[in-house]
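Student: Could we go through this protein together? I would like to learn how the words used for it are justified.

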Amino acid sequence: MMPSLTTITTVVSAVTAVVGLFVAYLAYRGYQRNESQRMRALAFGIICIAVLPYLLMTAIDPLIDVSDATVIVIITITHTLGLAAIYTTFD
C-alpha cells in the first residue's frame, strides 16, 4: 500500500527540520569555538529557513485559529529573515 501524499509531506518536512536543526547546531558550535558572528548568523538563518516553518505548521497552526494565508505569510517572513541572516555572512 502506498503512503498518502499527506504522510509523505509530513515525513519530508520533519526530516528537513531535523537536518536543518543539525546543520544549525554545527554552525552554532562553529560560532562558539571561533567566536565568529557569521557562524551565529548562519545558524539563525538555517533555523529560520528549515526549522521555524515546520514548527509553525505542525505545532502553532493547530493551536491557534488562523487562515492558511496568514500561515503562509508568516512562513514567508521567516524565510526572508533567514535569507537576510545568511546574506550577512558573505563578505
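Tutor: Gladly! Keep in mind that this is a predicted model. Let us begin with valine 15, which is found in helix H1.

Student: Why is valine 15 called partly exposed?

Tutor: Its relative accessibility is 47%. Buried means under 20% and exposed means over 50%, with partly exposed in between. The 47% of valine 15 lies in between, so valine 15 counts as partly exposed.

Student: What makes valine 15 part of a nonpolar patch?

Tutor: A patch is made of residues with over 30% relative accessible area and no salt bridge, and nonpolar side chains are joined within 5 Å. Valine 15 has 47%, and valine is on the list of nonpolar side chains. Its partners in the patch are Val11, Val19, Phe22, Val23, Tyr25 and Leu26. Together with Val15, they have about 620 Å² of accessible area on the surface.

Student: Tyrosine 28 is also in helix H1. Is it buried, partly exposed or exposed, and how do you know?

Tutor: The relative accessible area of tyrosine 28 is 36%. Because partly exposed runs between 20% and 50%, tyrosine 28 is partly exposed.

Student: How far is tyrosine 28 from arginine 40?

Tutor: In sequence they are twelve residues apart, and in space 5.5 Å, going from C-alpha to C-alpha.

Student: Now for glutamate 35. Where is it, and why is it called exposed?

Tutor: Glutamate 35 sits in the loop between helix H1 (5-34) and helix H2 (37-63). Its relative accessible area is 67%, and exposed means over 50%, so the word exposed fits glutamate 35. Look at its backbone too: phi is positive, about 50°, although glutamate 35 is not a glycine.

Student: What pattern does the whole protein follow along the sequence?

Tutor: The pattern is α-α-α, with three helices and zero strands. The C-alpha trace spans about 45 × 30 × 20 Å along its principal axes.

Student: How much of the protein counts as buried?

Tutor: Of the 91 residues, 24% do; for each of those, the relative accessible area has to be under 20%. The accessible surface of the protein is about 6500 Å², and 71% of that belongs to carbon and sulfur atoms.

Student: And how far apart are the mean positions of the positive and negative charges?

Tutor: They are 21 Å apart, taken over 4 positive and 5 negative charges.

Technical notes:
Residues are numbered from 1 along each chain as its sequence is written. This is a predicted model: local features need pLDDT of at least 70, side-chain atom pairs count only at pLDDT 80 or more; totals for chains, interfaces and linings use all residues. Side-chain values use heavy atoms; hydrogens and water are left out. Helices (H or I, at least four residues) and strands (E, at least two) are DSSP runs, numbered from the N terminus. Buried means under 20% relative accessible area, exposed over 50%, partly exposed in between (1.4 Å probe, protein chains only). Accessible areas come from the Shrake-Rupley method with a 1.4 Å probe; for residues, only the protein chains shown count as cover. Lys and Arg count as positive and Asp and Glu as negative; His and the chain ends are not counted. The place of a charge is taken as NZ of Lys, CZ of Arg, CG of Asp or CD of Glu. Patches are made of residues with over 30% relative accessible area and no salt bridge: like charges are joined within 9 Å, nonpolar side chains (Val, Leu, Ile, Met, Phe, Trp, Tyr) within 5 Å. A salt bridge is a side-chain nitrogen of Lys or Arg within 4 Å of a carboxyl oxygen of Asp or Glu.
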